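Work through the exercises below with the coordinates open, and try each task before reading its solution.

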Amino acid sequence: MSTAPATHKRPSTLRGASLPKWSSWAIAAGAVLVAVGIGLAAGLDSKVQWGLIAAILFVLGTYAIAASVEGRRQAKDRVATSLVWVCFIVAVVPLASLIWETVKRGVKVFDVFFLTHSMGVVADNQPGGGIYHAIIGTLEQVAIATLIAVPIGVLTAIYLVEYGRGKLAKAVTFFVDVMTGIPSIVAGLFILSFWILILDMGYSGFAGSLALSILMMPVVVRSTEEMLKLVPNELREASLALGIPKWRTILKVVLPTSIGGITTGVMLAVARITGETAPVLLLVWGTSVINNNPFSDPQASLPLYIYQQYANGTDAAYNRAWAAALALIAFVMILNLAARGIARWKAPKTGR
């Protein structure tokens with residue numbers, strides 16, 4: 001008996017040559033080194049120019065190396081990924097620089113004394129003082145604006161999603177879109193002409209809240225509308241099939257299902273109006289003493305406090321302005337973290 005000799009076939013593969021996983025980091029490091037050399041040789045003092053040169057070299061180098069090893073098709077894919085990373089870095093660097101600069105300058109006077117005292121007995125060119133009166137004003141003005149804007153915005157979104165048909169719904173949608181792009185100064189001028197000049201109600205924190213609510217409403221409407229549209233129609237139909245009225249279906253089924261997203265949108269709208277300066281400058285007018293009554297007399301706020309202190313031009317005022325900016329950033333950050341926490345807490349639970 002004769003047996004045929006065994007043949008060993010090599011395993012076939014469809015994969016060609018590929019770059020190692022660390023190649024992107026190596027290309028990026030090489031691009032940075034070359035960009036630094038070009039910047040020094042050309043006498044470029046701006047680090048921003050060095051970064052732009054490095055970004056261009058990184059994209060071009062990625063394409064050239066990937067095309068020579070993996071082919072042009074895979075090189076195009078790597079270039080697209082590189083552009084995404086470059087855009088991400090371009091967006092993050094200014095934000096990180098802003099936060100770093102604010103923290104570095106703001107910590108000079110940012111302490112418990114600064115948070116618990118006002119400017120009532122301190123001159124603008126003297127050290128000391130704090131933002132207690134501005135914190136009270138900001139909290140009250142934002143709270144009143146939220147109480148005004150959230151019910152109107154949520155009810156408007158419910159109408160557009162659940163009931164809106166015909167020309168009226170189209171008109172409401174159109175004006176909501178228009179209000180989204182209204183500059184804050186326009187909202188302030190409207191309240192100034194109507195509330196203060198025509199009705200003669202005087203400058204107050206409530207007047208500023210009215211303007212802030214105008215800026216907040218379209219954001220609440222849009223975010224709530226999108227969240228309501230995500231609720232499956234099967235839930236509505238199942239509730240209506242049981243004989244439950246539509247208003248009760250909305251109250252007991254639709255809103256609880258989308259409450260997490262609605263709350264997130266409301267918190268983001270609150271964070272957006274917290275830093276508005278133009279309406280407050282026109283309507284609240286500002287004061288250096290504590291005013292706990294938002295319905296009477298001028299009242300301070302953090303954005304207005306920052307503007308006034310920086311306009312004074314002294315070192316002490318600059319330090320207070322940066323510290324107040326740090327407090328405002330911390331406040332907005334807390335609101336965003338709270339929104340994310342609420343959204344995760346109220347998100348629908350999925351099981352296996």
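## Exercise 1: Salt bridges

A search of the whole structure, which is a predicted model, finds 8 salt bridges.

**Task.** Determine which parts of the chain are tied together by the pair R236 and E162, and state whether these two residues are buried or exposed.

**Solution.** Begin with the distance: the side chains of R236 and E162 meet in a salt bridge, with N and O 2.9 Å apart, which satisfies the cut-off of 4 Å. Next, place the partners: R236 belongs to helix α9 (residues 233–241) and E162 to helix α5, so the pair ties together parts that are 74 residues apart in sequence. Finally, turn to accessibility, where both R236 and E162 prove to be buried.

**Task.** Find how K229 and E225 are placed along their helix, and name the residues that are joined with them into one network.

**Solution.** The K229 and E225 side chains form a salt bridge at 3.5 Å, taken from N to O. Both residues lie in helix α8 (residues 205–229), where they are 4 residues apart, about one turn of the helix. E225 has a relative accessible area of 5% and is therefore buried, since the limit for that class is under 20%. For comparison of burial within a pair, take R272 and E276, whose closest N and O atoms are 3.8 Å apart in a salt bridge: R272 is partly exposed at a relative accessible area of 35%, whereas E276 is buried at 14%. As for the network, salt bridges that share partners join D177, R222, E225 and K229.

## Exercise 2: The course of helix α5

**Task.** Check whether the end-to-end distance of helix α5 agrees or disagrees with its number of residues, and locate its bend.

**Solution.** Helix α5 covers residues 132–163, and its 32 residues, at 1.5 Å a residue, should span 46 Å. The C-alpha atoms at its ends are 45 Å apart, which agrees with that expectation. The helix nevertheless bends by about 25 degrees at A149, and a proline, P151, follows within four residues. A further residue to examine in helix α5 is T138, which is buried with a relative accessible area of 4%. Leaving aside residues up to four places away in sequence, T138 touches T274, A300, S301, L302 and P303.

## Exercise 3: Helix α7 and the loop after it

**Task.** Classify I196 and I198 as buried or exposed, and describe the surroundings of each.

**Solution.** I196 lies in helix α7, and so does I198, the helix running over residues 184–198. I196 has a relative accessible area of 7% and is therefore buried, whereas I198, at 61% relative accessibility, counts as exposed. The contacts of I196, not counting residues up to four places away in sequence, are I191, M201, G202, Y203 and L283. Of these, L283 is 87 residues from I196 in sequence, yet their C-alpha atoms are 8.1 Å apart in space. I198, for its part, joins F190, F194, L197, L199 and M201 in a nonpolar surface patch of about 630 Å².

**Task.** Explain what is notable about the phi angles of D200 and D297.

**Solution.** Start from the general expectation that most residues other than glycine have a negative phi. D200, in the loop between α7 and α8, has a positive phi near 55 degrees, and at 64% relative accessibility D200 counts as exposed. D297 likewise has a positive phi, of about 70 degrees, although it is not a glycine, and it is found in the loop between α11 (278–283) and α12 (302–312).

How values were computed:
Residues numbered from 1 in each chain as written. Predicted model: local features only at pLDDT ≥ 70, side-chain atom pairs only at ≥ 80, totals over all residues. Heavy atoms only, no water. Expected span 1.5 Å × (residues − 1). Bend = angle between axes of the 7 residues up to and from the residue. Patch = residues over 30% accessible without salt bridge, like charges linked within 9 Å, V, L, I, M, F, W, Y side chains within 5 Å. Areas by Shrake-Rupley, 256 points an atom, 1.4 Å probe, with all protein chains shown as cover. Buried < 20%, exposed > 50% of the residue type's maximum accessible area, 1.4 Å probe, protein only. Contact = heavy atoms within 4.5 Å.
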